[in-house]
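Student: I would like to work through this structure step by step, starting with the terms and then looking at some of its parts. Could you guide me?

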Amino acid sequence: MKRKVIAVLLTSAMALSMAACGGGGSSDGGSSDGGSDAAATDDGAEAEGEEVSGSGGDNTLTVWTWDPNFNIYAIEKAAEIYAANGHEGFTVQVEEVLSDDIETRLTTAVSAGDLSTLPDIFLMQDNSFQKYATNYPDLFTDLTDSGIDFSQFSEAKVAYSTVDGKNLGIPFDNGAVINAIRTDLIEQAGLTLEDFTDITWSQYMELAKQVLDATGVPMLTSQAGSPDLIMEMLQSCGASLFNEDGSVNIVGNDALKECMEIYAQMVADGTLVEVTDWDQYIASLNNGTAASALNGCWIMASITPQEDQSGKWQITNMPRLEKQDNATNYSNNGGSSWVISSNCANTDLAIDFMNSTFAGSTELYDDLIQKGALATWAPAGDSEAYAQPVEFFANQEVYALIVDYATKTPSNITGPFYYDARDAVGVALSNIIQSGADMDSEIASAQETVEFNMGG
């Protein structure tokens, strides 16, 4: 990859770190939530306080999204490409709205019984999608028979925006999990990247001990109280915190217990060290006090600023669970999807726009890769831009690898109470690690908490 492309990735490091953290600290959500509300007109000007809703005209679509350097750039670049390819005069009118504020506006519109305030298109964090699509289905346009080929996207990514067999969103950015490793550190233990590829967690744990013995550096760090790694491990075998009928699946969830046992054992071994906050987590990657990062692919943007480490990092897939029949070496953490609202006055135009760009344009994704926006649309991975070796990662073709990982990631059930369940597991994990609490008791308490929150 040319140096100028890497430089652009570095400038978006904070935005991409937030891509899964929804504002910092925790790695859940879509792309970053930055900025204040402002309507961007088709000539690029901003109209402060001017709220965009409804259709902007026969050849204009209105959009709510966040982050000028990431999501807003993406939708405006898509519009530029669409206009240049036989749709002269097409524009998007974008209002910058924080992710949380989009969700508040959606709730307000439903409560008021007035969906006319909605734009034609809005972006939604994947982990919030099921909650809103289940509780407020009238907000969404059914895209199942729209002509968009959802089979060309990662199955796991599509699942976030699928409710009762209906496709309600267009997948956007990639949160495929990568195992980013400091090869110079593992080499001190006589190991190579291949030793960490396509392996089980038991094998990984033994290799991590070798690295710790040779270097004094833990293989992993993790933010205390955050269950991100647990959730990645869980999805890697297609397991969930909910059953298909929506009931809570925490007690008796063998996959969850296996994940928590692995995590607790690695902490006990000293091969996984918990840190207090997100800043310390990133610092551990940058200052060499962790030998690897196992996270969504957006974590690369927090690694690459350390230019003195160029060539010392490579990526591979994650370890797989051993006791689960559907275990794989692939998972996901973070991301977002586009929605065509039920208030869209020109759904044919909106569908064609999305089908021609986010679901059909290698030109778009070749451009967006310079912003760090990696596709879950499989054909993008075959383009020349994705095949370029990246100097920082020892000339690996990391982008093509990540798209491949995304296509192999199992889907799971997020459900409308995903965050309640995730947070309850986080509390249980913290009590086990910090206080030595009994794992079975904590798992039972987590189930009770979520059922209470669900009104059960």
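Tutor: Let us begin with a term: a residue is called buried when its relative accessible area is under 20%, and exposed when that value is over 50%. Please keep in mind that this is a predicted model.

Student: How many helices and strands are there in the chain, and what share of its residues count as buried?

Tutor: Counting the elements along the chain gives 17 helices and 14 strands. The chain has 456 residues, and the share of them that count as buried is 57%.

Student: Which residues of helix α16 are buried, and which helices are included in what covers them?

Tutor: Helix α16 runs over residues 418–435, and its 18 residues reach 25 Å from the first C-alpha to the last, which is close to the 26 Å expected. Its buried residues are Tyr418, Ala421, Arg422, Ala424, Val425, Gly426, Ala428, Leu429 and Ile432. A general point helps in reading such a list: an α-helix has 3.6 residues a turn, so residues three or four places apart point the same way. The cover over the buried residues of α16 includes α5, α9, α10 and α17.

Student: Is Asp126 in helix α5 buried or exposed, and which side chain makes a polar contact with its side chain?

Tutor: Asp126 has a relative accessibility of 1%, and therefore it counts as buried. Leaving aside neighbours within four places in sequence, Asp126 is in contact with Lys157, Tyr160, Gly334, Gly335, Ser336 and Ser337. A polar atom of the Asp126 side chain lies 3.2 Å from the backbone nitrogen of Ser336, while the side-chain partner in a polar contact, at 2.6 Å, is Lys157.

Student: Which way do the residues of strand β10 point, and which residue in β11 stands opposite Thr221?

Tutor: In a regular strand the side chains alternate between the two faces of the sheet. In β10, Leu220 and Ser222 point one way, Thr221 and Gln223 point the other way, and all of these are buried. Strand β10 runs parallel to strand β11 and is joined to it by 4 bridges. Opposite Thr221, in β11, stands Val273.

Student: What is the order of strands in the open sheet of 3 strands, and which strands stand at its edges?

Tutor: The pairing in this open sheet is antiparallel, and the order is β12-β9-β13. Each edge strand has a single partner strand, so one side of each is left without a neighbour in the sheet, and these edge strands are β12 and β13.

Student: By how many degrees are neighbouring strands of this sheet turned against each other on average, and which helix packs on the sheet?

Tutor: With direction ignored, the average turn between neighbouring strands of this sheet is 25°. The helix that packs on the sheet touches β12 and β13, and its direction makes about 130° with that of β12; this helix is α11.

Student: Why does Ala293 count as buried, and what separates its C-alpha atom from that of Ile178?

Tutor: Ala293, found in strand β12, counts as buried because its relative accessibility is 0%. Beyond its neighbours within four places in sequence, Ala293 is in contact with several residues, including Ile178, Ala180, Tyr281, Leu285 and Trp313. Ala293 and Ile178 are 115 residues apart along the chain, and the separation of their C-alpha atoms is 7.8 Å.

Technical notes: Residues numbered from 1 in each chain as written. Predicted model: local features only at pLDDT ≥ 70, side-chain atom pairs only at ≥ 80, totals over all residues. Heavy atoms only, no water. Helix = DSSP H or I, 4+ residues; strand = E, 2+ residues; numbered from the N terminus. Expected span 1.5 Å × (residues − 1). Buried < 20%, exposed > 50% of the residue type's maximum accessible area, 1.4 Å probe, protein only. Contact = heavy atoms within 4.5 Å. Polar contact = N/O pair within 3.5 Å; in protein donor to acceptor, adjacent residues only side chain to side chain. Pairing = 2+ DSSP bridges. Axes fitted to C-alpha atoms, helices over the stretch in contact; angles between N-to-C directions.
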